[in-house]
Amino acid sequence: MTKLMYWVIAIGALLFGIAGAVMLQPPQPENVEIRLLEEFYRSQYVVSSMIGLLVGLGFGWLATQRIRHKPEDRGADFNSRVMSWGLASAAIATVTAGFTAATMASLSPFDPFAPTEKVMLVIGSGLFVVILAFAFAMALFAFAAYSRFPQWGGRYAILRRI
Amino acid sequence: MTQNFVMGFGGTGARCMEALAYLAASRSITEPLHMLVVDPDETNGNVVQCLDQLRRYQSIQQHVAPNRESGARPFFSTPLNADLGSESFLWANPQPNTAFQELIEYTAQPEDTRALLDLLFDESDLKLTFEKGYIGRAHIGSIDLLRTLETQIRTIASSSDDDRARPDAMRSFFSTLRAATQQPGGAHLLVVGSVFGGTGASGLPAIPSLLQSVLLSGLQKKLTIACIQVAPYFSFPQGRAEDPDSALHPLATQAALYHYSLTDVGYDRVYLVGAPTREESNSGNVVGGGAQRNVAHYVELAAGLAAAHFFAEPPDKETPEVFACGGLSVRWDSLPYQRATDVRKNLVALGTFCLLHAQFLAGSLDKRRHLETKWMSDLRSARGRELGGQERELRDLRDFAKRYLDWATEIQRISDVELFTLRELESVSALSSVAAGGRSREPYHELITNLNMTRDVDQNSGAGWYVDALTRATVDFCRSNYAAWWSRA
């Protein structure tokens with residue numbers, strides 16, 4: 001894993017999310033207001049982004065406690081370990097955001113659907129993938145940003161020093 | 001600014017010079033030094049070891065300078081024989097294979113002079129050659145060394161200062177000394193050697209009077225001269241009947257000190273350094289040559305600290321002073337002049353630096369594993385510096401570091417010495433236990449973290465940047481690792 005690849009993935013996920021949010025339409029079942037579905041998805045974009053932010057920052061902190069310099073480490077190997085933790089944070093954030101969206105869907109006012117039908121309605125749409133993409137991208141950005149905090153001195157930096 | 005000069009005579013003098021080099025490397029001594037080892041036997045193991053270290057030091061120091069803005073000094077920033085080549089560190093006998101009787105022109109002497117010489121020297125003395133040094137025969141060494149020094153110094157006295165460009169190390173040394181006495185700050189000259197051996201015992205009494213002929217009239221006041229007389233501190237097994245016998249060293253010392261007590265040789269200050277017991281320093285009775293290599297001893301470190309004291313606090317030539325230092329055990333706080341030189345902090349930090357580089361980083365640099373590290377990208381930024389990893393100065397640094405660790409390990413093996421605690425050098429945990437009181441559980445990680453966090457390193461070359469950054473990383477680590485005593489040392 002190189003820094004270039006890390007940023008290609010992060011930016012790619014973000015662009016996918018933005019494009020999807022703009023171009024994709026929510027499902028249009030009968031008896032459910034479209035407005036409610038649109039509001040639901042917009043709120044989930046925010047929730048998933050917050051989840052990504054928190055998980056990314058949390059993994060960033062955890063990385064400082066766990067990732068260690070070892071004798072005979074190559075610079076590239078060490079960087080790769082750090083970025084693997086970043087990807088792991090994104091994966092965790094994605095799963096968490098998906099689970100959260102499904103849970104909140106089951107509690108949403110999409111009458112007359114039953115809870116499981118509400119969940120299937122939400123996750124069956126392409127916009128659900130957009131929710132996951134926002135969580136994924138935000139976790140990667142948050143992890144990279146944490147590595148630049150002063151107390152780190154940039155030693156795990158994925159962002160180049162300006 | 002006063003210039004500082006050091007002459008080390010013989011094997012003991014060379015060993016003390018090696019310790020002095022470590023004090024300079026660690027920043028316990030920060031003023032430039034001009035050093036010269038004098039030994040007729042240039043293959044002497046002690047001399048070779050010292051010269052190897054001085055040459056490596058010079059190779060590294062050429063890349064390291066104090067920070068222009070803050071004045072902070074990295075390791076190896078104290079110049080030794082600045083602007084001179086590595087050949088300037090040693091003067092050896094130019095005629096080692098010429099018999100003593102030829103040097104004193106025995107056969108050309110009148111009969112009554114020959115009779116006197118026959119009283120003073122036996123046949124083996126007259127036939128002695130010097131490829132293995134003076135072999136403890138100070139009565140021969142003093143004459144030969146005096147004769148040689150006189151010849152060299154007479155040449156200098158009759159020449160101009162431009163002649164210091166000549167390659168001869170001794171002429172360069174004394175020419176530079178003479179030029180320094182003509183500057184406003186004057187010069188300090190320190191002479192160090194044993195009083196019980198051959199070359200040291202021969203050279204110590206000769207220097208002050210010979211300098212009278214070198215220095216221009218009226219400038220002798222601008223030269224302060226001191227000597228470190230090293231009393232016996234080591235022994236070696238008995239050899240053949242004609243070989244040196246270390247059991248006679250105390251007797252030779254008694255005779256020498258009796259002479260010094262009755263005769264004002266001309267030093268402004270005298271340091272007497274020794275040890276209460278004489279550890280065996282060699283497994284065999286080796287007379288000269290590369291095998292004559294003694295293990296390191298804390299007496300040599302004490303001599304180095306005496307040198308630091310002399311350069312920092314020279315005598316005022318009016319008030320006699322007596323300094324004494326010692327203890328039942330050798331600890332950091334019982335070393336002479338230890339607080340003013342911060343010797344505990346500096347030597348422990350240097351030990352950590354050397355251990356980290358020699359055991360861990362040197363191999364990685366050689367195999368270019370350092371590429372794409374955070375600190376390497378910092379090294380390259382702004383100035384376009386590079387560090388390939390196989391530069392000669394990095395190899396010199398590795399070899400210097402290894403010898404320093406051996407030196408420290410040899411000292412700690414002496415009984416009742418509580419200075420270093422180096423063990424299992426290949427283990428990462430050794431990084432936090434160069435001395436007692438270390439507490440870090442992840443020393444390698446912390447050191448590399450510090451290295452990655454080092455900012456604003458202003459050195460011209462990649463090697464200089466590396467030494468400076470590693471110095472800062474090491475000192476920061478030691479400050480934390482040895483928090484129990486660092487602030488009180």
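On a 1 Å grid laid over the protein atoms alone, a cavity is a set of points where a 1.4 Å probe fits but cannot get out, whereas a pocket is an open set with protein on both sides within 12 Å along at least five of seven lines, and lining residues have an atom within 4 Å of a point. Grid points are joined across faces, edges and corners, and a volume is the space filled by probe spheres set on the points. The structure holds four cavities of 30 Å³ or more.

This is a predicted model, in which local features need pLDDT of at least 70 and side-chain atom pairs count only at pLDDT 80 or more, while totals for chains, interfaces and linings use all residues. Residues are numbered from 1 along each chain as its sequence is written, chains are lettered from A and ligands numbered from 1 in the order in which they are written, and side-chain values use heavy atoms, with hydrogens and water left out.

**Chain A**

Select chain A, whose C-alpha trace spans about 65 × 25 × 25 Å along its principal axes. Its secondary structure comes to five helices and zero strands, where helices (H or I, at least four residues) and strands (E, at least two) are DSSP runs numbered from the N terminus.

Next, show helix α1 (residues 3–23) and helix α5 (residues 126–146) of chain A, whose axes come within 8 Å and cross at roughly 145 degrees; axes here are lines fitted to C-alpha atoms, for helices over the stretch in contact, and angles run from 0 to 180 degrees between N-to-C directions. Among the residues that make the contact (heavy atoms within 4.5 Å) are Trp7(A), Phe16(A) and Gly17(A) of α1(A), together with Phe134(A), Phe141(A) and Ala144(A) of α5(A). The contact residues divide into 21 nonpolar, two polar and no charged, with Ala, Val, Leu, Ile, Met, Phe, Trp, Tyr, Cys and Pro counted as nonpolar, Asp, Glu, Lys and Arg as charged, and the others, Gly among them, as polar.

**The sheet of chain B**

Move to chain B and colour the open sheet of six strands, which has the order β3-β2-β1-β4-β5-β7 with parallel pairing; two strands pair if DSSP finds at least two bridges between them. Strands β3 (90–91) and β7 of chain B stand at the edges, each with a single partner strand, so one side of each is left without a neighbour in the sheet. At the β3(B) edge, two bridges join it to strand β2 (residues 33–38) of chain B, and Val37(B) has Leu90(B) as its bridge partner.

Now add helix α1 (residues 10–25) of chain B, which packs on the sheet by touching β1 (3–9), β2, β4 (187–194) and β5 (223–230), its direction making about 140 degrees with that of β1(B). Helix α11(B) also packs on the sheet, touching β1, β2, β4, β5 and β7 of chain B, and its direction makes about 160 degrees with that of β7(B).

**Pocket and cavity**

Keep α11(B) selected, since the tour turns to the largest pocket, with a volume of about 1100 Å³. Of its 45 lining residues, the closest to its centre are Tyr271(B), Leu272(B), Phe323(B), Ala324(B) and Cys325(B). Helix α11(B) gives the most to this lining, with six residues, and by class the lining has 26 nonpolar, twelve polar and seven charged residues.

Finally, find the largest cavity, which holds about 60 Å³ of space and has His357(B), Asp366(B), Arg395(B) and Arg398(B) among its lining residues. Helix α13(B) gives the most to that lining, with four residues, and the lining has three nonpolar, two polar and three charged residues.
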